[in-house]
Amino acid sequence: EEGWVRGAEADVLDSQTMAGLRAEGLVEATPAHRDDREDEDAASAADTALEKLLAEGGDEEETVQDVGKADAPGEGVSEAPSPAVKGKRKRKKKARVAVNLDTCSYGVVAEVATSLGWRVVEEEDASKTANSGKWNVKWTDRYVFSQTLRDMKLRRGQRLNHFPAMYEVAFKCRMASNLNRMRKLLPDLYKFYPDTWVMPEDFAAFQKVTHEHRNRTYIVKPNGGCQGAGIFFTRRAADIPKDGRWVAQRYMNRPLLIDGYKFDMRVYVLITSVTPLRVYVFEEGLARFCTTPYEGISTRNTDDVYQHLTNYAINKNNQGGGGGGGKAPP
């Protein structure tokens, strides 16, 4: 299991980075990391077939069940085709992509699937690992554990909307720990984010820093929070709650401004493969703005979330649209 994880981590790095890691003896080849041409060719063929089905459609008879059976041990040889039937040939209907939404609670996903002409199917078994083979795509709202994915026994031609172990980047504490770990290995490549501490693991180190630099401000966020909930600013380690998990970062007091307002920019990408890495970048991005002109952070304005946090869920409540302060939601 350790070899699989190490190999998977190594695969997402570029060749130059990999060469540096191997030179330092930090990455070694493992069975899971070695190139397997046969599996790659088979997976590539399955990807091509699914992409063709998604884009152009296929024969109704070509279902995921057929693909799964053909891949089963001892069933890789198909039967000989029957003799051609003379006379007028009946035109086959185009197949529709089948999507399973049993673990999806967002109505917009069903609306989009229907607008694309996809067919929504349900599993008779209500368990998370149920896989009757009747669907091409399964949409789930939450991350998927590796064991769940193995128990599900995906067939070629079936896809989930999550990679396994997405919680390693979806939760703030895990993301921060992974970034800090990579910064130790590759400091020159991982200096793009501010100093970060994970609580309670790094509390002692964070306490030491706050004592040495008493005038620095830190932004603290809860591990599983969203929409700005639970975020606060502090200069003292003693303000970190004893319960729960938190991430503390040095606050960037001189951000780039547009017309005097703090903002952030988001670029949306779709990752369809990790090995090899395949990324599609959406042509449009999103900028979110604070609604109060920015001032350097001080003890007077640490509670004014409208000038420090760009979350839309917070700034939509600023009725003044440019004045007054506001506290973060609980």
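Before I show you anything, one definition for the patch I will start with: a nonpolar patch here is made of residues with over 30% relative accessible area and no salt bridge, whose nonpolar side chains are joined within 5 Å. Please also keep in mind throughout that what you see is a predicted model.

With that in hand, look at the surface where Val267, Val269, Ile271, Leu277, Val279 and Val281 together make a nonpolar patch of about 530 Å². Two strands, β10 (261–273) and β11 (278–289), each supply at least two residues of that patch, and the largest share, three residues, comes from β10. One of the residues in the patch is Val269, which lies in strand β10, and because its relative accessibility is 46%, Val269 counts as partly exposed. In the loop between β10 and β11 you will find Pro276, and the peptide bond leading into Pro276 from Thr275 is cis, with omega near 0°.

Let me step back to the whole chain for a moment. The chain holds 11 helices and 11 strands, and of its 330 residues, 29% count as buried. Its accessible surface comes to about 22,500 Å², with 53% of that belonging to carbon and sulfur atoms. If we take the contacts between residues at least 6 apart in sequence, 51% of them join residues at least 24 apart.

Now to the sheets and their surroundings. Four strands form an open sheet with parallel pairing, in the order β2-β1-β3-β4. At the edges stand β2 (119–121) and β4 (159–160), each with a single partner strand, so one side of each has no neighbour in the sheet. The partnership of β3, residues 137–138, with β4 runs over two bridges in the parallel sense, and within it Lys138 has Leu160 of β4 as its bridge partner.

Two loops that border β4 each hold a residue with a positive phi. In the loop between α6 (146–152) and β4 sits Lys153, which has a positive phi of about 55° although it is not a glycine, and Lys153 is exposed, its relative accessible area being 63%. In the loop between β4 and α7 sits Ala165, also not a glycine, with a positive phi of about 65°; Ala165 is partly exposed, with a relative accessible area of 24%.

Further along the chain, strand β8 pairs in the antiparallel sense with β5 over four bridges, and β8 also pairs in the antiparallel sense with β6, residues 218–222, over five bridges. Which residue of β8 is the bridge partner of Thr196? That partner is Gln249, and Gln249 is also the bridge partner of Ile219. On β5, Thr196 and Val198 point one way while Trp197 and Met199 point the other way, and all of them are buried. The peptide bond from Met199 to Pro200 is cis, with omega near 10°, and Pro200 lies in the loop between β5 and α9 (203–212).

Finally, helix α8, which has 14 residues, 172–185, should span 20 Å at 1.5 Å a residue, and this agrees with the 20 Å between its end C-alpha atoms. Its buried residues are Cys173, Ala176, Asn178, Leu179, Asn180 and Met182. What covers those residues includes α7 (167–170), together with β5 (196–199) and β8 (246–250), which brings us back to the two strands whose antiparallel pairing I described a moment ago.

Key: Residues are numbered from 1 along each chain as its sequence is written. This is a predicted model: local features need pLDDT of at least 70, side-chain atom pairs count only at pLDDT 80 or more; totals for chains, interfaces and linings use all residues. Side-chain values use heavy atoms; hydrogens and water are left out. The expected span of a helix is 1.5 Å times one less than its number of residues. Buried means under 20% relative accessible area, exposed over 50%, partly exposed in between (1.4 Å probe, protein chains only). Contact means heavy atoms within 4.5 Å. Patches are made of residues with over 30% relative accessible area and no salt bridge: like charges are joined within 9 Å, nonpolar side chains (Val, Leu, Ile, Met, Phe, Trp, Tyr) within 5 Å. Accessible areas come from the Shrake-Rupley method with a 1.4 Å probe; for residues, only the protein chains shown count as cover. A salt bridge is a side-chain nitrogen of Lys or Arg within 4 Å of a carboxyl oxygen of Asp or Glu. Two strands pair if DSSP finds at least two bridges between them.
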